[in-house]
Amino acid sequence: MARLLLIEDDPAIRATVLRALRERGHAVAAAPAAMEGLQTALAERPDLIVLDLGLPDLDGRELLRMLRAVSAVPVIVATARDEESSMVQLLDAGADDYVVKPYTAAQLDARIRAVLRRSPGAAESPVLTVGGLTIDPLARTVTLDEVVVELTPREFDLLHHLAVRAGQVVTKRELLTEVWQVPYGSTDKTVDVHLSWLRRKLGETAQEPRYLHTVRGVGVKLSEPPA
Ligand code: CA
């Protein structure tokens, strides 16, 4: 099962595709316009987006460019325009694949499965361990010394991002753009606030860190505590 986002303004097509994809076992959210689609994509972080090119508020190509600026989420473009040259442009612009309208649910589902199979992270995220911390990206669970740690989705993403890079200093700019997918603002305290929550849940403080180490003026590092 994949978590999908369908961005499609035609209500009849939207309803049909939603139903068909859900019947095939996917969890599907839908948006009827480009800006709403972008917001949903950032909030829900779907595994894959199906994007109609003809949208009322913004051309689908523009939306594709905006998505690509902040996210590597796989995108399948749905289009009525079937000339080869525009398809090549779309693939160059960052689309992973396309379907030509009218398409069947079976065709779309086959494309979705093929794209997800070759997309890193969708199917084969390994369980990470750093000292006594175990982070399972598929189950989205964390344990510390074999005790479950309850994290919010954002705290989980933050910890996972750091765990993938354990031992390396990660800048707050990178965390904002990669975990929050927002542009960096110099006064933004979002990262600090979430780090302090995460610290508390891991049973440590900034003054006496075990796993989460702030490197002043640079960023933060997750590392195994000394034995
Ligand atoms: Ca349309």
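A residue is classed as partly exposed when its relative accessible area lies between the buried limit of under 20% and the exposed limit of over 50%. In this predicted model, Arg45 falls into the partly exposed class because its relative accessible area is 25%. Arg45 is located in the loop that runs between helix H2 and strand E3, just after the end of H2. Its phi is positive, at about 50 degrees, although Arg45 is not a glycine. Most residues other than glycine have a negative phi, and most peptide bonds are trans.

Asp145 also departs from that pattern, with a positive phi near 50 degrees in a residue other than glycine. Asp145 is placed in the loop between E8 and strand E9 (147-149), and with a relative accessibility of 49% it counts as partly exposed. A departure in the peptide bond itself occurs between Lys101 and Pro102, which are joined in the cis form with an omega of about -5 degrees. Pro102 belongs to the loop between strand E5 (97-100) and helix H5 (105-118).

Helix H2 (residues 34-44), which precedes Arg45, has a buried side made up of Ala34, Gly37, Leu38, Thr40 and Ala41. These residues lie on the same side of H2, because the arc they cover around the axis is only 165 degrees. An α-helix has 3.6 residues a turn, so residues three or four places apart point the same way. Gln39 and Ala43 are exposed and sit on the face of H2 that is turned away from the buried side. The cover over the buried residues of H2 includes E1, strand E2 (27-31), E3 and helix H3 (60-70).

A calcium ion is bound by donors from Asp9 (OD), Asp52 (OD) and Gly54 (O), at 2.2 to 2.4 Å. The spacing of these donor residues in sequence is D-x42-D-x1-G. The two aspartates come from distant parts of the chain and are 43 residues apart: Asp9 is in the loop between strand E1 (3-7) and helix H1 (11-23), whereas Asp52 is in strand E3 (residues 48-52). Asp9 is partly exposed, as its relative accessibility is 29%. Asp52, in contrast, is buried, with a relative accessible area of 5%.

The largest nonpolar core contains 26 residues, of which Leu159, Leu162, Leu175 and Leu222 touch the most other members. Two or more residues of this core are supplied by each of strand E6 (128-130), strand E7 (133-136), strand E8 (141-144), helix H6 (153-164), helix H7 (172-180), helix H8 (190-201) and strand E12 (219-222). H6 gives the largest share, 5 residues. When residues up to four places away in sequence are not counted, Leu159 touches Leu133, Ile135, Val142, Leu151, Leu198, Leu202 and Leu222. A second core, separate from this one, has 18 residues, including Leu38, Leu51, Val73 and Leu90. Leu38 is also one of the buried residues of H2.

Two helix pairs that involve H8 were examined. H6 and H8 pack at an angle of about 85 degrees, and their axes are 10 Å apart. Since angles of 65 to 115 degrees count as roughly perpendicular, H6 and H8 are therefore assigned to that class. On the H6 side the residues in contact are Arg154, Glu155, Leu158, Leu159 and Leu162, which meet His194, Leu195, Trp197, Leu198 and Lys201 of H8. H7 and H8 likewise pack at about 85 degrees with a distance of 10 Å between their axes, which makes H7 roughly perpendicular to H8. Here Lys172, Leu175, Leu176 and Trp180 of H7 meet Thr190, Val191, Asp192 and His194 of H8. His194 thus takes part in the contacts of H8 with H6 and in those with H7.

A further acidic residue, Asp97, is part of strand E5. Asp97 counts as buried because its relative accessibility is 15%, and the limit for that class is under 20%. With neighbours within four places in sequence left aside, Asp97 is in contact with Val75, Ile76, Val77, Leu91, Arg111 and Val115.

Conventions: Residues numbered from 1 in each chain as written. Predicted model: local features only at pLDDT ≥ 70, side-chain atom pairs only at ≥ 80, totals over all residues. Heavy atoms only, no water. Core = buried A, V, L, I, M, F, W, Y, C linked by side-chain atoms within 4.5 Å. Buried < 20%, exposed > 50% of the residue type's maximum accessible area, 1.4 Å probe, protein only. Helix = DSSP H or I, 4+ residues; strand = E, 2+ residues; numbered from the N terminus. Contact = heavy atoms within 4.5 Å. Donors = N, O, S within 2.8 Å, 3.2 Å for Na, K, Ca; no water. Arc of directions from axis to C-beta. Axes fitted to C-alpha atoms, helices over the stretch in contact; angles between N-to-C directions. Parallel < 35°, antiparallel > 145°, perpendicular 65-115°, else oblique.
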